[in-house]
Amino acid sequence: MPFEHHWDTSGVFIVYRGDLVLEEVLASHSRVACDPRFDDLRFVVVDLRFVERVLLAVNDLVEINAFLTGPKLCNPGIYIVVVTESAPAPSAVALYENLPDRNYDVHICPTMESARKMVAQWRSADGLTGGCP
């Protein structure tokens with residue numbers, strides 16, 4: 001399986017491996033959105049450290065964003081953290097961030113440790129704010 005979900009009490013960690021392609025991203029998002037825990041979801045950490053190639057075009061990112069319209073209506077309070085160290089993944093994230101009508105804001109962290117620290121800070125705060133430590 002090119003992705004794995006690891007659920008936490010208020011979030012989910014998604015690990016992608018190999019080639020990052022539209023079909024797998026949509027399948028992953030669909031499983032998360034259809035899970036009964038989705039309503040209580042506060043954060044998603046997307047781990048791209050094991051992605052070898054990002055095969056997403058701008059049109060793919062537009063389609064992913066369109067898919068996220070439904071989940072955003074059901075649970076608008078989800079914070080997204082992307083963990084990535086390699087060049088292609090941040091480029092894809094930057095393309096998503098530049099979509100004028102994107103459904104979720106994305107925070108980028110260079111390590112899983114920094115992403116976990118961010119999630120811990122969010123949990124300890126009254127509201128989820130702040131960036132990657």
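In what pattern do helices and strands follow one another along the protein chain? Read along the sequence, the order is β-β-α-β-α-α-β-α-β-α. The legends below take up the overall chain and then several close-up views.

This is a predicted model, in which local features need pLDDT of at least 70, side-chain atom pairs count only at pLDDT 80 or more, and totals for chains, interfaces and linings use all residues. Residues are numbered from 1 along each chain as its sequence is written, and side-chain values use heavy atoms, with hydrogens and water left out.

**Figure 1. The protein chain as a whole.** The chain holds five helices and five strands; these are DSSP runs numbered from the N terminus, with helices being H or I of at least four residues and strands being E of at least two. Of the 133 residues in the protein chain, 44% are buried. Here buried means under 20% relative accessible area, exposed means over 50%, and partly exposed lies in between (1.4 Å probe, protein chains only).

**Figure 2. Helix 1 beside helix 2.** Two packed helices are described by the angle between their axes and the distance between the axes. Helix 1 covers residues 22-34 and helix 2 covers residues 58-67; their axes come within 10 Å and cross at roughly 10°. Axes are lines fitted to C-alpha atoms, for helices over the stretch in contact, and angles run from 0 to 180 degrees between N-to-C directions. The two helices are therefore roughly parallel to each other, a label for angles under 35 degrees (over 145 is roughly antiparallel, 65 to 115 roughly perpendicular, and the rest oblique). Helix 1 passes helix 2 in a right-handed crossing, meaning that the near helix is turned clockwise from the far one by less than a right angle; anticlockwise would be left-handed.

**Figure 3. V32 in helix 1.** V32 is found in helix 1, and V32 counts as buried because its relative accessibility is 6%. Look also for W7: the C-alpha atoms of V32 and W7 are separated by 9.6 Å, while the two residues are 25 residues apart along the chain.

**Figure 4. A salt bridge between strand 3 and strand 2.** Side chains of opposite charge can pair when their charged atoms come close. A search of the whole structure finds six salt bridges, each being a side-chain nitrogen of Lys or Arg within 4 Å of a carboxyl oxygen of Asp or Glu. In one of them, the side chains of R53 and D19 meet at 2.7 Å, N to O. This pair links distant parts of the chain, with R53 in strand 3 (residues 43-54) and D19 in strand 2 (residues 11-20), 34 residues apart. R53 counts as partly exposed at 45% relative accessibility, and D19 counts as partly exposed at 29%.

**Figure 5. Two further salt bridges.** R49 and D47 meet through their side chains at 2.7 Å, N to O. R49 is partly exposed at 34% relative accessibility, whereas D47 is buried at 2%. D105 forms a salt bridge with R102, with 2.8 Å between the closest N and O atoms. D105 is partly exposed, at 49% relative accessible area, and R102 is partly exposed too, at 30%.

**Figure 6. E52 in strand 3.** E52 lies in strand 3 and is exposed, with a relative accessible area of 64%. The C-alpha atoms of E52 and Y16 are separated by 9.6 Å, with their positions 36 residues apart along the chain.

**Figure 7. A nonpolar patch on the surface.** V58, V62 and L95 form this patch, and together they have about 230 Å² of accessible area. Patches are made of residues with over 30% relative accessible area and no salt bridge, where like charges are joined within 9 Å and nonpolar side chains (Val, Leu, Ile, Met, Phe, Trp, Tyr) within 5 Å. Accessible areas come from the Shrake-Rupley method with a 1.4 Å probe; for residues, only the protein chains shown count as cover. L95 sits in helix 4 (residues 88-97) and counts as partly exposed at 39% relative accessibility.
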